[in-house]
Amino acid sequence: MPVLTEVLTKFSRECSVVARTAASAPEGGFPDPLLAAGYQKTSVGLAVRGPYAGLQKFLQRMEALELLVESSDLEIKVGVQGNDKEAATSPVASRTQLTVQLSFYDPKPEGDVVSDNSKEKAPS
């Protein structure tokens, strides 16, 4: 996950947003077919705060990564910051906060595929 953290930090700087990550709880329920297909999964809870245009650019950068990204539990909130001296007559700056659960899938290294078939290889 250190590489993922570096990518998120870089994207947040370039997009003028603040990103915070939190470890994700393991998911229960149905088996993940991508794990069975030879991918490894890294999940992270992410909170990103900044101007709407910055959040949009950040998400577009995430989508452009050369690995499979699944998002879930997306929530967007808009906060308004005003100038206390002039109250309602002053322009306000809005800050948008996005919280999302991201799961990144990338192929396991060649030797990590577990199978009964010794000829099986990781997907490329």
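Me: Hello! How many helices and strands does the secondary structure of the protein chain come to?
Reply: Welcome! This is a predicted model. The secondary structure of its protein chain comes to 3 helices and 4 strands.

Me: In what order do the elements run from the N terminus on?
Reply: The chain has 3 helices and 4 strands to place. Read from the N terminus, the order of these elements is α-β-α-β-α-β-β.

Me: What share of the 124 residues counts as buried?
Reply: A residue counts as buried when its relative accessible area is under 20%. Among the 124 residues of the protein chain, the share that meets this is 24%.

Me: Which element gives the largest share of the largest nonpolar core?
Reply: That core has 15 residues, and Leu46, Phe58, Met62 and Leu102 have the most contacts inside it. Two or more residues come from each of α1 (2–14), β2 (39–50), α3 (52–63) and β4 (93–107). The largest share, 4 residues, is given by β4.

Me: Which residues does Phe58 touch, leaving out those up to four places away in sequence?
Reply: Phe58 is one of the residues with the most contacts inside the largest core. With residues up to four places away in sequence left out, Phe58 touches Leu8, Phe11, Ser12, Cys15, Val17, Ala19, Leu46 and Val48.

Me: What about charged pairs: how many salt bridges does a search of the whole structure find?
Reply: Side chains of opposite charge can pair when their charged atoms come close. One such pair is Lys41 with Asp32, at 3.6 Å from N to O. The search of the whole structure finds 4 salt bridges.

Me: Where do Lys10 and Glu14 both lie?
Reply: These two side chains form a salt bridge, with their closest N and O atoms 3.7 Å apart. Lys10 is partly exposed at 41% relative accessible area, and Glu14 is partly exposed at 32%. The two residues are 4 apart, about one turn of the helix, and both lie in α1.

Me: Is Lys77 buried or exposed?
Reply: Lys77 meets Glu75 in a salt bridge, at 3.5 Å from N to O. Its partner Glu75 has a relative accessible area of 41%, so Glu75 is partly exposed. The cut-off for exposed is over 50%. Lys77 has a relative accessible area of 51%, so Lys77 is exposed.

Me: Which residues do salt bridges that share partners join into one network?
Reply: Lys10 and Glu14 are already paired by a salt bridge. Through shared partners, one network joins Lys10, Glu14 and Arg61.

Methods: Residues are numbered from 1 along each chain as its sequence is written. This is a predicted model: local features need pLDDT of at least 70, side-chain atom pairs count only at pLDDT 80 or more; totals for chains, interfaces and linings use all residues. Side-chain values use heavy atoms; hydrogens and water are left out. A nonpolar core is a set of buried Ala, Val, Leu, Ile, Met, Phe, Trp, Tyr and Cys residues joined through side-chain atoms within 4.5 Å. Buried means under 20% relative accessible area, exposed over 50%, partly exposed in between (1.4 Å probe, protein chains only). Contact means heavy atoms within 4.5 Å.
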